[in-house]
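Please open the model in your viewer and keep the sequence panel beside it. The tour below proceeds by selection, and each stop states what is found there.

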Amino acid sequence: MRLSPWAALALGLLFLSLAQANFAPHFFDNGVGSTNGNMALFSLPEDTPVGSHVYTLNGTDPEGDPVSYHISFDPSARSVFSVDPAFGNITLVEELDREREDEIEAIISISDGLNLVAEKVTVLVTDANDEAPQFIQEPYVVLVPEDTPAGSSIFKVRAVDKDTGSGGSVTYFLQNLHPSKFAVDRHSGVLRLQAGATLDYEKSRTHFITVVAKGSEVLTVVAMDGDRGNPNRVLYSLVNGSEGAFEINETSGAIFLTQSPAQLQREMYELHVQVTEISSAGSPAAQAMVPVTIRIVDLNNHPPTFYGESGPQNRFELSMYEHPPQGEILRGLKITVNDSDQGANAKFNLRLVGPGGIFRVVPQTVLNEAQVTIIVENSAAIDFEKYKVLAFKLLAVEVNTPEKFSSTADVVIQLQDTNDNDPKFTSHYYIARIPENAPGSTNVVAVTAVDPDTGPWGEVKYSIYGTEADLFLIHSSTGLIYTQPWASLDAEATSRYNFYVKAEDMEGRYSLAEVCVTVLDVNDHYPQFGKSIQEKTMVLGTPVRIEAIDQDAEEPNNLVDYSITHAEPANVFDIDAHTGEIRLKNSISSLDVLHNITPSGEDCTWSLEVQAKDRGSPSFSTTALLKIDITDTETLSRDPMAAFLIQTKDNPMKAVGVLAGIMAIVVAITILISTATFWRNKKSNKVLPVRRVIRKRPSPAPHAVRVEWLKSRKAKAATKFMLKEDPPNESDDSHGPVSSLPPRAPALPPPPSVAPDTGAAHWTVPTVSGSLVPQQPQQSPPEPKASGSPIRSTLVSELKQKFEKKSRDNKAYF
């Protein structure tokens, strides 16, 4: 068939228009319950995990071109979903919460590259039982009269669950570990006093009750009538297997608990649910039966509980001695802890709450049940003197449960004392002072030691010992130190005593302290002049010194002041009160002046009464008579011996040294002469007789004639060996005769009472002589006055006394 030109033109135009047309893609609409299409009537449970693949967008392009998918949200809304552009898979990227947002609006689109088709969809968020019931206006404090009748309603609790449907229904029950006088209605929350129970204010003023609100619905059974047009109503009922633990709502088919889950006795229940169709006439019609299996999983409804030997117990007591060994177990505590839940709900930790570092508890983590062991960790801290009682809380806390149930028990440890402390003195060093005139049994000082132990262990006994403790005693119980009844203290003999005191308990634990007792000086001694100072020779212009010694131990009792108490005439001498130096007054410059004021002429005796007085309180003094000979330097220059004696009168050893030096020189000269003579004779080969001096011991008187005869014979024999020597030079009166014999050793003291005769004519030096005679204490009788000149006699007598004293002290021979 040939087309006309017009028909061919029209057909060509048609084909051209079809070739240029491109149709838009579109989504598939798969209806309710579908998870593939355009999300129409799509709902999602609120407990869907984030990251889940929840839906797949699906569509097509008429031309068969590939399509891509997109999803977007209002700028003020959350971007809850994301989509894979190529495959259309939608993923949940944020958590859902029906109670905050029960529907989500989104814009989905499909594109073939040229055309874009967008649709607005609403996703419904369905409820999940994820909210716990919340009590309103808690805590509840209820005042109940003690005469309230049994069975009376006393309060109503109310809890709200934000979930919908069966998840939002709330039931109430009591969580009591022990029998209670109260009960609660599981549906209404009304709290009642149980039948037969009474309240008594005097026995118990407070009752603590724990009410639990819980969503009690287990599941819902749904049955549908087979007739679709006008279905009949159906009713639900439980046939058997519930054992009173479950009930079913006859219209909704919801199965719920009738008691607390903790009261369920079985792990699995087999329920048979019967559904009955009710005809329009109200009579039962068709029936059906369905089994329902309910498995009871453990609920965390038991807190950890402590048990003693007789059952549940929340207080444990123990008595023990202080400072037990490190690591010792407190075996007197019988503690068991238990959690009746299962699995993770029965896992809990144990710890001690109280003074740290003293004890530790084992085990620290428990599953279900364990025997509790408490071990000593720090023995030193378990000290009776610090703590009489140690109190701890034993705490058990669940580990992996949201409830974190816990319980506590009191652990009380009564400590008993041991003797673990030494007595301690209140001071390491005690200082006491006592006057030397204190009578015997005088209290000195009280020492104190404290032993913190109790009973007999805290009783302290005192004792005293040491090399210087003989004069003292101590009271064994009070620690009072006192002197012996016979003790006589003397500060001049011993001024300080050091000894130790000891504090000891009944088991020998002790400590020491040192005691220092100072004996206080009392002015009980008179100043005493030396016996050797009775006469003084004064050179004109040079003072003489007197000295008195006070035997007291301390100042000012032993400080002495000097004075002239009597002198005639009184205007001759002055005395230095501190040093005891006596000198002529400044107006007396020569012997002539002194002679002019001497009443009896040239040879006068100057006698002074001097006093030595101490500075104690009361003060003691001693007086003495002093004789003074006065000369001048001119007179002394004419008598060398007198000058020498005056210079050495206060230092007799100086005179001894001078004499010893002279004798040494004489001996040395003699040895030189003898040696020279020996060598001269040796060279001349002459034998000379030896000269010897033989001393005979004195013989008894009856043999005197025989001794004289022997002496004459020996004298005659010795003359044969005597050497002729020149006579001494008699014209030199300043030297004595010199013998060629070896010098003999000097005689033992005392020295001669008269000055040696030098061969010169006797002459007299004008002097004033005297002696120092103490008046107190009793003086010794004076020695006879020596012959010779007054100066020499006085000086020799004084020097003699000093020689005798030095000889007695030093045992020296010269």
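In which sense do β26 and strand β33 pair, and over how many bridges? Select residues 315–321 for β26 and residues 406–416 for β33. In this predicted model, the two strands pair in the parallel sense over seven bridges. To inspect one point of this pairing, select S319, whose bridge partner in β33 is Q414.

**The sheet around this pair**

Next, extend the selection to the open sheet of five strands, in the order β26-β33-β32-β28-β30, with mixed pairing. Its edge strands are β26 and β30 (365–367), each of which pairs on one side only. From one strand to the next, the twist averages 25°. Strands of a sheet pair through backbone hydrogen bonds, either parallel or antiparallel.

**The nonpolar cores**

Now display the side chains of F306, L330, L350, F359 and I413. These residues have the most contacts inside the largest nonpolar core, which has 29 residues. Elements that give two or more residues to this core include β26, β28 (347–353), β32 (389–398) and β33; β27 (335–338), β29 (359–362) and β31 (369–376) do so as well.

Centre the view on F359. Leaving aside neighbours within four places in sequence, F359 is in contact with L330, L352, I374, I375, V376, E377, I382, L390, F392 and I413. A second, separate core has 27 residues, among them A438, L471, I474 and I481.

**Loops beside the sheet strands**

Select V362 and P363, which are joined by a cis peptide bond with omega of about -5°. P363 lies in the loop between β29 and β30. Move on to N368, in the loop between β30 and β31. N368 is not a glycine, yet its phi is positive, at about 70°. The residue is partly exposed, with a relative accessible area of 30%.

S441 offers another stop of this kind, in the loop between β35 (429–435) and β36 (443–446). Its phi is near 65°, a positive value in a residue other than glycine. S441 is partly exposed, with a relative accessible area of 38%. As background to these stops, most residues other than glycine have a negative phi, and most peptide bonds are trans.

**Strand β44 and its partner**

Select residues 535–539, which form strand β44. Four of its five residues are buried, so β44 is largely enclosed by the rest of the structure. With strand β51 (residues 621–631), β44 pairs in the parallel sense over five bridges. Select K536 to find its bridge partner in β51, I628. Then step to S617 and P618, joined by a cis peptide bond with omega of about 0°. P618 lies in the loop between β50 (606–614) and β51.

**The whole chain and its confidence**

Finally, zoom out and colour the model by pLDDT. The mean pLDDT of the protein is 78, and 74% of its residues reach 70 or more. Select residues 699–791, over which the pLDDT is below 50; beyond near neighbours in sequence, this stretch has 113 contacts in the model. Where pLDDT is low, the predicted coordinates should not be read in detail.

In the full view there are seven helices and 52 strands. Of the 814 residues, 33% count as buried. The protein exposes about 49300 Å², of which carbon and sulfur atoms supply 54%. Among contacts between residues at least 6 apart in sequence, 65% join residues at least 24 apart.

How values were computed. Residues numbered from 1 in each chain as written. Predicted model: local features only at pLDDT ≥ 70, side-chain atom pairs only at ≥ 80, totals over all residues. Heavy atoms only, no water. Buried < 20%, exposed > 50% of the residue type's maximum accessible area, 1.4 Å probe, protein only. Contact = heavy atoms within 4.5 Å. Areas by Shrake-Rupley, 256 points an atom, 1.4 Å probe, with all protein chains shown as cover. Pairing = 2+ DSSP bridges. Axes fitted to C-alpha atoms, helices over the stretch in contact; angles between N-to-C directions. Core = buried A, V, L, I, M, F, W, Y, C linked by side-chain atoms within 4.5 Å. pLDDT = per-residue confidence, 0-100.
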